[in-house]
Amino acid sequence: MIDSTEVRRRLADDALPELLVHLGFRDDDAVDAVAAATTVRRRPSELAQVARFASLLAAGVGRFRPDEAPDPWEQLPSDREDLALLALLASVPEVRAEHARRRIPDEVSWRSLSDLGQQVSVNRRTHGRFGLDTYGWMRTAWSGGLMWLGRLQMVPKPTTTGWVLDTHIPATGPLTPESVDDSFARAVTFFRRHFPDCPATAFACTSWLLDPTLAEVLPESSNLARFQRRWTLVGQGYQADESVLYFVFNRRADPEREIDHEALTPTSRLQEVVLERWRSGQHWSVWSGTAPLPQVD
Ligand SMILES: CC(C)(COP(=O)(O)OP(=O)(O)OC[C@H]1O[C@@H](n2cnc3c(N)ncnc32)[C@H](O)[C@@H]1OP(=O)(O)O)[C@@H](O)C(=O)NCCC(=O)NCCS
């Protein structure tokens, strides 16, 4: 149980800046995070809310089956993603303890948790301000299972037939085939060693990157087309224009309105083909696929 006193201590001015560096916060985001913590430390009822959310996050640590972990955001007031962000910061010691229990090297532990800083920086790129609109996703990282190994992130995921390594692609530069090979190879050894209780038999991925029509409009030699060829699709895709708008144009769709295609100016080949499809009245989809684990000694 993390109480208000403990949150106040963990988010104090003398503790927070160093933590934010470990978590990959950019300087401007770190300044805003410290300011948000200072404000909430002075408001007992908000501090109590952060303590409650942080305790729920801590209760989800080590639980990779979604139905086993409580949803910390069920009672998050709307427009208060700052409280979610502070709860994530306040529950870092519990996630770090889980990493330590699994003997995950410090460097990998912090790199994996630095997904938070990355998400906050994407938030600024998307909305032009400090925040964390992906607090829902952060539960996955805070389960203690998300490992950022080289270019890719993976997390053990239970399926009806056993465990897979669910693969995520952070927006940190090109997705070269070599970087993917490297991450895949590292993941096999790493998860075998540190997650023997989740014996994975394949990689899995659910993403707009697997929309098979993407390969039809991008060169065969592009990183995206080559990434896609690794995966065997499972089931059918589902329409996900909002996801593509977010990952390709760094914009959030307004649920009340259609996407305004005319307001988007393409600056890359991918953006051009995405827009062309929308302007012709068609859509983009998210698909799921699996890829075999490479043989490693
Ligand atoms: C996945 C990702 C790294 C691939 O980028 P990449 O390695 O540059 O891909 P390619 O080399 O195949 O790109 C082909 C073209 O599309 C462009 N492109 C690729 N991804 C782009 C993106 N997300 N936004 C805008 N343009 C993009 C490239 O600039 C290139 O255009 P150009 O030929 O005009 O230079 C990139 O799309 C990305 O960072 N995405 C955000 C994270 C994400 O979507 N994760 C999955 C979440 S489910």
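Me: Is Glu 262 buried or exposed?
Reply: The relative accessible area of Glu 262 is 62%. Buried means under 20%, exposed over 50% and partly exposed in between (1.4 Å probe, protein chains only). Glu 262 therefore counts as exposed.

Me: What is left out of the side-chain values in this predicted model?
Reply: The model is predicted: local features need pLDDT of at least 70, side-chain atom pairs count only at pLDDT 80 or more, and totals for chains, interfaces and linings use all residues. Residues are numbered from 1 along each chain as its sequence is written, and side-chain values use heavy atoms, leaving out hydrogens and water.

Me: How many residues apart in sequence are the parts that Arg 279 and Glu 262 tie together?
Reply: Arg 279 and Glu 262 form a salt bridge, with closest N and O atoms 3.9 Å apart; the term needs a side-chain nitrogen of Lys or Arg within 4 Å of a carboxyl oxygen of Asp or Glu. Arg 279 lies in helix α14 (residues 269-279) and Glu 262 in the loop between α13 (241-249) and α14, so the separation in sequence is 17 residues.

Me: Which residue meets Asp 32 in a salt bridge at 2.9 Å, N to O?
Reply: Among the 23 salt bridges of the whole structure is one that starts from Asp 32. The pair joins helix α3 (residues 27-41) to helix α8 (residues 115-127), 92 residues apart. Asp 32 is partly exposed at 28%, whereas its partner is buried at 18%. A network of salt bridges that links Arg 26, Asp 28, Asp 29 and Asp 32 also includes this partner, Arg 124.

Me: What is the distance between the centres of domain 1 and domain 2?
Reply: The domain assignment, automatic or from a database, gives domain 1 (1-114) and domain 2 (146-297). Taken over C-alpha atoms, their centres are separated by 27 Å.

Me: Which three residues supply 48% of the area that domain 1 buries against domain 2?
Reply: The area buried between the two domains is about 1200 Å², and carbon and sulfur atoms give 61% of it. Buried area here is the accessible area (1.4 Å probe) that two parts lose on being put together, summed over both. The three that supply more than any other three on the domain 1 side are Phe 64, Arg 102 and Arg 111.

Me: Which residue does Arg 102 bridge to?
Reply: The count between domain 1 and domain 2 is one salt bridge. Arg 102, in the loop between α6 and α7, is paired at 2.8 Å, N to O, with a residue 95 positions away in sequence, in the loop between α10 (177-194) and β4 (200-207). Arg 102 counts as buried because its relative accessibility is 9%. The partner is partly exposed at 44%, and its name is Asp 197.

Me: What is the phi of Arg 103 near?
Reply: Most residues other than glycine have a negative phi. Asp 79, in the loop between α4 (44-60) and α5 (81-90), has a positive value near 65°, and it is exposed at 76%. Arg 103 is also exposed, at 70%, and sits in the loop between α6 (92-101) and α7. Its phi is positive too, near 55°.

Note on methods: Helices (H or I, at least four residues) and strands (E, at least two) are DSSP runs, numbered from the N terminus.
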